[in-house]
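Here is a friendly walk through a protein model, written for someone meeting such structures early in their studies. Have a look at the picture before reading on.

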Amino acid sequence: MIKHSMTIGLVIVALAGSVTNCKTYAAQSEVASQAKQAIEYAEAEVEKAREAIELGKQLITQIPEDHLLMPDVAQVLELASENWKTAVDSLKGAEMSASKMGSATQDSIANDYAMLAKVNAGVSVSGAKVVQMSITYLDAIANNKTGSLRIIRAAMQDALESSSQVQLSYERVKALISQKYSK
Amino acid sequence: MNKRLKQIISSTCMVVALMAITSRAAVDPADAAAKLADLGTLSVVAQANITEAAAGGDVDALAEASQLGAAVAVALAQSQESFETLEQAVAAGNDELAQSSYDDIVAALGLASDAMAGLVPDGVMGASDQQMGPQMADDAYDPVNIYADPSDTDAEQGIADDQFINNWLTGVVPYDKPATDT
């Protein structure tokens, strides 16, 4: 009698276990789906940054060479350039990781590729946003919106700090995933 | 029959309880770091939102954007602390503390991504459908006082400028400007 009860109990647990497995697959599929969405978002933000750079080219011609803030303009361009490179390179990295998701031999490996893709897409979005902010700053200078310059400066400063945090986190994710497979 | 049913139920409960105890996956620090990265990205997006509002000249939009930016910054700072605690807990083999630190990060990301709804596409940084931890206290919001002059003295302004410039000094030559201009 007790044996039968135990058997039935185990069957119920086995059924529950298969439901749990389904949930695990669903969670992994959700990570993969989030990675794809993150890449699409990064692509859109990089495109916006590209358009902002085109606008920036026009704005620069409007700023007189002897403008008081010309040193700022040069520095903002440098910042935009650096972050543009980060945005484009990280997007390529995200796409590369995403392409490996499908060919991974294990779900856990596919999951880790998805994680890398998602974080890389985040680095790309951060870089693209900093580019867009840089061009907004140039626009404020070119169009004498001096009232907003300080606020934009402060926001850019905070964005740069957060962007550094994103890159640092990406390096952590990469290192922690490498550790998993080097054991 | 009733007795048998009771036995089945109690056996099932025992096995399920044992499975629950043994099957709770250990916290993955890489996953926690990825969530921290998401929060950082949200923070950058929030700051970009402030920039757009400032450029647009709408005081109300700017105040709202600043409050949102400050809230996300708080969530990011708290999560950085939680991540450090998580790393120490993992190193020390303290699974309970590691799990609670991870839950804090998930909760902070959930709140931040919910707050940023509309600025970031749904599901991209998503944690909104995940288990929520304790709500962020109202007093955790420390909105930026956009009406205050950030630099009351020339010295403070100088320090602020130096910090700002220091962040710009590294990097590659701009694409659209000759190297001599930088």
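The report below goes from the two chains to a pair of helices and then to a single residue.

**The two chains**

Keep in mind from the start that this is a predicted model. Chain A has four helices and zero strands, and along its sequence the pattern reads α-α-α-α. Chain B has five helices, again with zero strands, so its elements run α-α-α-α-α from the N terminus on.

The table puts some values for the chains side by side.

| Chain | Residues | Buried residues | Accessible surface |
|---|---|---|---|
| Chain A | 183 residues | 49% of residues | about 9,000 Å² |
| Chain B | 182 residues | 41% of residues | about 10,000 Å² |

What kind of atoms make up these surfaces? In chain A, carbon and sulfur atoms hold 58% of the accessible surface. For chain B, the share belonging to carbon and sulfur is 54%.

You can also ask how far apart in sequence the touching residues are. Take the contacts in chain A with a separation of 6 or more: 80% of them join residues 24 or more positions apart. In chain B, the corresponding share of contacts with a separation of 6 or more is 67%.

**A helix from each chain**

Now find helix α4 of chain A, which covers residues 146-182, and helix α2 of chain B, which covers residues 29-56. These two helices pack with their axes 8 Å apart, at an angle of about 165 degrees. Are they roughly parallel or roughly antiparallel to each other? Angles over 145 degrees count as roughly antiparallel, and therefore α4(A) and α2(B) are roughly antiparallel. As for handedness, α4(A) passes α2(B) in a left-handed crossing. The residues of this contact include 18 nonpolar ones, together with 10 polar and two charged.

**One residue in helix α2 of chain B**

Stay with helix α2 of chain B, and look for Asn49(B), which lies in it. Is Asn49(B) buried or exposed? Its relative accessible area is 18%. Since buried means under 20%, Asn49(B) counts as buried. Which residues does Asn49(B) touch, leaving aside those up to four places away in sequence? They are Ala65(B), Leu68(B) and Leu119(B).

**Looking back**

Try tracing the story again in the picture: start with the four helices of chain A and the five of chain B, move to the crossing of α4(A) with α2(B), and finish at Asn49(B) in helix α2 of chain B.

Terms used. Residues are numbered from 1 along each chain as its sequence is written. Chains are lettered from A and ligands numbered from 1 in the order in which they are written. This is a predicted model: local features need pLDDT of at least 70, side-chain atom pairs count only at pLDDT 80 or more; totals for chains, interfaces and linings use all residues. Side-chain values use heavy atoms; hydrogens and water are left out. Axes are lines fitted to C-alpha atoms, for helices over the stretch in contact, and angles run from 0 to 180 degrees between N-to-C directions. Angles under 35 degrees count as roughly parallel, over 145 as roughly antiparallel, 65 to 115 as roughly perpendicular and the rest as oblique. A crossing is left-handed if the near helix is turned anticlockwise from the far one by less than a right angle, and right-handed if clockwise. Ala, Val, Leu, Ile, Met, Phe, Trp, Tyr, Cys and Pro count as nonpolar, Asp, Glu, Lys and Arg as charged, and the others, Gly among them, as polar. Buried means under 20% relative accessible area, exposed over 50%, partly exposed in between (1.4 Å probe, protein chains only). Contact means heavy atoms within 4.5 Å. Accessible areas come from the Shrake-Rupley method with a 1.4 Å probe; for residues, only the protein chains shown count as cover.
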